[in-house]
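Please look over the charged pairs, the cysteines and the backbone in the structure below. A short report follows.

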Amino acid sequence: MPFLGVHPSLLRALADRGINSPTPVQQAIMDVPSPAQDLLVSAQTGSGKTVAFGLAMAGTLLGEHERIPPGAATEGPLALIITPTRELAMQVATELSWLYSHTAINFTVCVGGTSVRTEQIALHRKPHIVVGTPGRLNDHLEKAALKLGNIRAVVLDEADEMLDMGFRDELEALLKATPKERRTLMFSATIPKGIALLAKKFQNNAFRIEATTGAAGHADIEHIAMPIGDRDRVQAVVNILRYYDAPCTLVFCATRDGVTRLGDELSNRGFGVVTVSGELSQRERTAALQALRDGRARICVATDVAARGLDLPSLDLVIHADVPQNREALVHRSGRTGRAGRQGTSVLLVPRNRAGFAERVLATRQEPLKFGPVPTAAMIREKDDARIFAGLAEEVAAVTPTAKTSAAALLKLHGAEDLVAVLVASRYKQMPQVQDVAGGAGAGKGRAQGPMSRDREPMGRDARSPRDDRGPGRAMTRIAGAGGEGDRPIRGARQAFDARQARDARSSGPRAEPSGDAPVFSVNVGRFQKADPRWIIPLLCRRGGITKDDIGSIDVGARETRVTIAPQVASLFATRVKVPDTRDPHIRIVPIGA
């Protein structure tokens, strides 16, 4: 369906971009009976809502003019667009800049983390549209740098998130400073009670548009819940990442500490990871996002608040490592993928002690949660084989004559099957190791097509919220990645590790254990730093260039962990661990008694 009734200047801009048909929310905007009416719109991130409110504002700002008349903003900006985050403000300004490219309308962005003085100078130049975050806009309003007496339209983008972030007072102050006859366009993924009250207070007979696609939010998102054991979160995340192998993945944690710990866990296992939380400076946040955009990292671990407004390239997978607080939070998180017609996947990890909460709160009658198992080693191996074979097929097509000559010489020395096996094995070595998830396949058995059933497998009946993160001074040490779902002594971690090593030994044949007089190394982390063999072992392997078979006993103390290393690799290990690593610069590994 073509764009009908759109302002001619904007229609030209759409044609320039090759956009010939509207998204559902854009079509709904064009179908509004009165072009001057207030709007209350439910629309997901990635549904085309920025262009939608750009289309809605055009008549209010331009009237019958193709270009904005000179001097229109002499008394202050004509439109104010308020967003919850810096990144979203930048995105909105960029999107509207091309949409209004034929109108001579200019923009100014006012957000935290940038120079206040620079923004004041930009506001003094009389921009037609100001885009910003509530806190910074209020700062300019209080200092009289931002004058709102000439405002014709106000847009609240992702209004529910701004309320969740505690910006109600700032929003009300900004709205009260604008003329009563303005248009107010309110966009929100959901319409909870707080948004309804805000709309009632500041909108006049708003036209209601429901542009979401039901409880799941996006038809282009595949939602799947995976039951896990209460302490299998990290292993489940690893297997999900390995199974989907998405070009970009967003992993949600409930707390900053959870973000840091899970980010470290994934990095130690060989994944390219960045973490985004509220404690980062704007420069650090920008650097992290740039790493994702240029491919140096493929995984972003973030809190709900920190992830708002992120524009991640090729985001095909969202993992809820911690169960969201409510259905609205689930919709917000999942809405980061499946954007602009792309297919996306949203995976919700459900520990057993949160099963009741997931069924009662996150599922709906129209959209019940669909359950499936955490990917197993066999499932991942099948995917790996397909990816390796496809990649090799492309490489074979590009083989040079010189390489073929070398290959012919190798074939005289070794069998073709052996050479291919070496090649395939080298590819597998580059991949993070698949994890043994005790609660994965078993917990999901019989649930691939339906919700959790307590008569098939006992589950926790309560809907308890995750415990608050405990400080490092606690006597009990949290298993890294348990994410607030429970604590246990470090002795339990050691026992689990020993059991896993014994299982590995049984499955892989004789293992050369370090002898009793094997060299001992000290790692400057202990129980107070939540030391755990689950992440210490991968760290030792990465830093020292060894395998887990070269590691003997691991004794975790209060502030130090002592590990024994096989004598045949100890010298090389000692040399390599002297080299600082930017991924964990605070961790030092030194030989004892050297």
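A salt bridge here is a side-chain nitrogen of Lys or Arg within 4 Å of a carboxyl oxygen of Asp or Glu. The model is predicted: local features need pLDDT of at least 70, side-chain atom pairs count only at pLDDT 80 or more, and totals for chains, interfaces and linings use all residues. Residues are numbered from 1 along each chain as its sequence is written, and side-chain values use heavy atoms, with hydrogens and water left out.

**Salt bridges**

Side chains of opposite charge can pair when their charged atoms come close. The structure holds 18 salt bridges. Three of them, including their N to O distances, are set out here.

| Pair | Closest N and O atoms |
|---|---|
| Glutamate 158 and lysine 49 | 3.7 Å |
| Glutamate 172 and arginine 168 | 3.6 Å |
| Arginine 387 and aspartate 384 | 3.2 Å |

Two more terms are needed. Helices (H or I, at least four residues) and strands (E, at least two) are DSSP runs, numbered from the N terminus. Buried means under 20% relative accessible area, exposed means over 50%, and partly exposed is in between (1.4 Å probe, protein chains only).

Take arginine 387 and aspartate 384. They are three residues apart in helix 16 (residues 377-397), so about one helical turn separates them. Aspartate 384 is buried, at 2% relative accessible area. Arginine 387 is partly exposed, at 27%. Salt bridges with shared partners join Arg242, Asp245, Arg298, Asp384 and Arg387 into one network.

Glutamate 172 and arginine 168 both lie in helix 8 (residues 168-176). They sit four residues apart, about one turn of the helix. An α-helix has 3.6 residues a turn, so residues three or four places apart point the same way. Glutamate 172 is buried at 13% relative accessible area, whereas arginine 168 is partly exposed at 30%.

Glutamate 158 forms a salt bridge with lysine 49. Glutamate 158 lies in the loop between strand 5 and helix 7, and lysine 49 lies in helix 3 (residues 49-62), so the pair ties together parts that are 109 residues apart in sequence. Both glutamate 158 and lysine 49 are buried.

**Positive phi**

Which residues other than glycine have a positive phi? Glutamate 158 is one of them, with phi near 55°. Strand 5 (153-156) and helix 7 (159-164) flank its loop. The relative accessible area of glutamate 158 is 4%. Lysine 530 is another, with phi near 60°. Lysine 530 lies in the loop between strand 14 (520-523) and helix 21 (533-544). Its relative accessibility is 12%, so lysine 530 counts as buried. Most residues other than glycine have a negative phi.

**Cysteines**

How many disulfides are there? A disulfide is counted when a pair of cysteine sulfur atoms lies within 2.5 Å. By this rule the count is zero. Take cysteine 248: the closest cysteine sulfur to its own is that of cysteine 300, 7.4 Å away, which is too far for a bond. Both residues are buried: cysteine 248 at 2% relative accessibility and cysteine 300 at 0%.

**A covered helix**

Helix 14 (residues 327-334) is mostly covered. Seven of its eight residues are buried. They are Arg327, Ala329, Leu330, Val331, His332, Arg333 and Ser334.
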